[in-house]
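Here are my notes on the model you sent over. Have it open while you read, since the points go element by element.

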Amino acid sequence: MIKTAVTTDIFISGGGVAGLTAAAAFGAAGFSVVIADPMPPITDQAVKGADLRTTAFLQPAREFLMAAGLWNRLAPFATPLQIMRIVDAGGAEPIPRMTRDFDAADISDLPFGWNLSNWLLRREIVARIAELPNVDFRSGVGFATLLTRTNEARVTLTDGTRITAKLVIGADGRHSPVRQAAGIESKTTRYGQKAVTFAVTHEAPHNNVSTEIHRSGGPFTLVPLPDHDGKPCSAVVWMKDGPQANRLAMLPEPEFNVEATLRSAGTYGPLTLASPRMVWPIISQIADRMTGERVALVAEAAHVVPPIGAQGLNMSLSDVASLLDLAQADRDTFGSADMLAKYHRSRHPDISLRVRGVSLLNRASQAENPLLRDLRAKGIEAVYGLAPLRKTLMKLGLGAKG
């Protein structure tokens, strides 16, 4: 059997939102790109296996998405996130005892970000990639082997295709085959938690407010979505200890609606399930290095954080933006050891800080002890009460470096 040989500037392993966005960004910048993923992207919410989670793009991502030719496609479907509301319901009864609003207007003329459904993101990014003649998306085909040299990388795909590239980007998830092939270790922290994700309709309008409700086991977060069947709608991430999360996912809908409404502290009135429920394990993970010879890691191949503060994908986009800036700075030597060393230095310290920070927030959100819950509430009050500190933390949450 004669194997197909392909030469390209960049090979990307992984066709999730981060990998597809990287392909669009590098393609729009004029690089030739081959991207492969063993699973064809599901771009219809009604199809079994569709990713029904949502992703919030924070404010700094907009300019990057514009340059990639993506923002105009996504904007019509995006729900603005103007206010981040934190509700503490950690008292004796599961009712709000403290509510604090962090308003984007305090630091910017734009909202904190915009929320979109993951299946829709895939649909629009795949459509954008189809417009780029220099991007070759091979769905249903995966990464198999990697051989690197000082001046190039050689990748073999599962269908036998051989690819020669100047740079290999691993965007292939927390169990990244590219990371493993490059011999890069990672450290994983497990919390004993899972997230139940779903959408709900409710009586009160969300008014573009993202609401994070703390009691124990992890936050219960409602993120604005467009109306559903004429009713206000929100995406929900409900973090609980693993066995409890599995129990919730299996409850009959009427019972689940009652428990979800109780856990929401009645914030928007009765909640009604408006989508299937999905369950995801919660971990933190960070790669020891962002790079290997002719290899760069991005997104969950490099870092995983609990879904708090919309940090996950936005850290991933910062990875891709940094990598693209370095590649454009010297197109003749991109993928070199020097460029990849600069990439590691530009991203790894910030990622390490954010992974630790989100991990601490998650530990605090799990608190069962009433005294610890009281301490958590006082901490939120203290941060909110100091305007300079509040504004600084909001800017850090958007991606500013301390």
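1. A term first, as the cover around one helix comes up below: contact here means heavy atoms within 4.5 Å. Also keep in mind that this is a predicted model.

2. The overall picture. The protein chain has 11 helices and 20 strands. Of its 402 residues, 53% are buried. If you take the contacts between residues at least 6 apart in sequence, 73% of them join residues at least 24 apart. The chain exposes about 17,500 Å², with carbon and sulfur atoms supplying 55% of that area.

3. The cores. Nonpolar side chains tend to be buried together in soluble globular proteins. In this model the largest nonpolar core has 76 residues, and I10, F11, I12, F26, F57, L167 and L323 are the ones with the most contacts inside it. Helix α1 (residues 17-28) gives this core its largest share, eight residues. There is also a second, separate core of 21 residues, and F198, V200, L248 and Y268 are among its members.

4. L167 is worth clicking on. Not counting residues up to four places away in sequence, L167 touches D9, I10 and F11, then R294, V295 and A296, and also L323, F334, G335, M339 and L340.

5. Strand β3. Four of the five residues of β3 (residues 54-58) are buried, so the strand is largely enclosed by the rest of the structure. Its partner β7 (residues 113-117) runs antiparallel to β3, and five bridges join the two. To find the pairing on screen, start from A56, whose bridge partner in β7 is N115.

6. What does N314 contact, leaving aside its neighbours within four places in sequence? The list is A56, F57, L58 and A61. N314 itself sits in helix α8 (residues 312-329). Its relative accessibility is 12%, and because the cut-off for buried is under 20%, N314 counts as buried.

7. Helix α4. The 13 residues of α4 (residues 118-130) should span 18 Å at 1.5 Å a residue, and the end C-alpha atoms are indeed 18 Å apart. Its buried residues are N118, W119, L120, L121, R122, E124, I125, R128 and I129. They pack against α1, β3, α3 (71-74), β7 and β8 (135-139).

8. Helix α7 has two faces to look at. Buried in α7 (residues 253-263) are F256, N257, A260, T261 and R263. These cover an arc of only 160° around the axis, which puts them on the same side of α7. An α-helix has 3.6 residues a turn, so residues three or four places apart point the same way. On the face turned away from the buried side, α7 carries the exposed residues P254, V258 and L262.

9. What covers that buried side of α7? The cover includes strands β12 (186-202), β13 (209-214), β14 (220-228), β15 (231-241) and β16 (271-273), along with helix α6 (242-250). After α7 comes A265, which has a positive phi, near 60°.

10. One last spot, in strand β10 (residues 153-157), where T156 is found. T156 and T4 are 152 residues apart along the chain, yet their C-alpha atoms are separated by 9.8 Å. Not counting residues up to four places away in sequence, T156 touches F143, A144, T145, T161 and R162.

Notes
Residues are numbered from 1 along each chain as its sequence is written. This is a predicted model: local features need pLDDT of at least 70, side-chain atom pairs count only at pLDDT 80 or more; totals for chains, interfaces and linings use all residues. Side-chain values use heavy atoms; hydrogens and water are left out. Buried means under 20% relative accessible area, exposed over 50%, partly exposed in between (1.4 Å probe, protein chains only). Two strands pair if DSSP finds at least two bridges between them. A nonpolar core is a set of buried Ala, Val, Leu, Ile, Met, Phe, Trp, Tyr and Cys residues joined through side-chain atoms within 4.5 Å. Accessible areas come from the Shrake-Rupley method with a 1.4 Å probe; for residues, only the protein chains shown count as cover. The arc is that of the directions from the helix axis to the C-beta atoms. The expected span of a helix is 1.5 Å times one less than its number of residues.
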